[in-house]
Amino acid sequence: MLHIAKFTFSPIQENTYVLYTPDGLAAIIDPGCYFDHEKTALANFIAEKTLNVQFLLQTHCHLDHVFGLQWAAETYQLQPHMHPIEEQVLQFAPISGQRWNLPFTNYSGPIHYLNDNDTLQLGNNTLQAIFAPGHSPGHLCYYCAEQDFIIAGDVLFERSIGRTDLPGGDHDTLLNSIRNRLFTLPENTVVHPGHGDATKIGLEKRNNPFLQ
């Protein structure tokens, strides 16, 4: 069984997730910690739970989702996983940081690539990478079928969807990703988004105004 801890970081209020097993294996998804006290909060949680971080996973690489990536990689001696197309978004992130007046040290180092339907094992738990572009060109979601949840990044929110006005975004592509990749999941699948509160696939199929 996987436990899910959510941290909301930075002035952009991004959700960083830690998935962890009862015996202490963990994955950090989208480390968005910007301030030192946020990095400390995440590190303290991992230390208090005596977690062994196995993976750094990126849904995508907009600046708010990678603020803490270099720090996390150095702290836990790991290399991030992401879709190969998303590397170009990572390289652009510092420019976005300057424009938002949020400068940061970007990740530089090796990258592990994940493609659609690739899987990762966290203990006895399987995470499936689901390619869902539109908000960003190489966006991945991480689906755990055994526990009916998906870490959805900025694809689908409670009664909303990800913005598509950033470089590489496309509205029709995003809607297609939601309808054909996320809305085909069981209706009771819990959606853990990159911003805001969790929702469920069935609720969004019935109530999301962007998808009626």
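**A tour of the parallel strands and helix H5**

In this predicted model, begin by selecting strands E4 and E5 (residues 80-82), which pair in the parallel sense over 2 bridges. Within this pairing, display Leu56 and look across to E5, where its bridge partner is Pro80.

Next, keep E4 (residues 52-57) in view and add strand E3 (residues 25-29); these two strands also run parallel to each other, paired over 5 bridges. Select Ile29 here: its bridge partner in E4 is Leu57.

Now add helix H1 (residues 36-48) to the selection. Together, E3, H1 and E4 form a β-α-β unit of right-handed sense.

Then move to helix H5, residues 171-182. The helix has 12 residues, and the distance from its first C-alpha to its last is 16 Å, close to the 16 Å expected at 1.5 Å a residue. Which residues of H5 are buried? Select Leu174, Leu175, Ser177, Ile178 and Leu182 to see them. Turn the view to look down the axis of H5: the buried residues fall within an arc of 155°, so they line one face of the helix. An α-helix has 3.6 residues a turn, so residues three or four places apart point the same way.

To see what covers these buried residues, show the surrounding elements, including strands E9 (140-144), E10 (149-153), E11 (156-157) and E12 (160-161), as well as helix H6 (201-207).

Finish at the start of H5 with Asp170 and Asp172 selected: a side-chain oxygen of Asp170 comes to within 3.4 Å of the backbone nitrogen of Asp172.

Methods. Residues are numbered from 1 along each chain as its sequence is written. This is a predicted model: local features need pLDDT of at least 70, side-chain atom pairs count only at pLDDT 80 or more; totals for chains, interfaces and linings use all residues. Side-chain values use heavy atoms; hydrogens and water are left out. Two strands pair if DSSP finds at least two bridges between them. Helices (H or I, at least four residues) and strands (E, at least two) are DSSP runs, numbered from the N terminus. A crossover is right-handed if, with the strands pointing away from the viewer, the path from the first strand over the helix to the second runs clockwise. The expected span of a helix is 1.5 Å times one less than its number of residues. Buried means under 20% relative accessible area, exposed over 50%, partly exposed in between (1.4 Å probe, protein chains only). The arc is that of the directions from the helix axis to the C-beta atoms. Contact means heavy atoms within 4.5 Å. A polar contact is a pair of N or O atoms within 3.5 Å; within protein, one must be able to donate a hydrogen and the other to accept it, and residues adjacent in sequence count only if both atoms are side-chain atoms.
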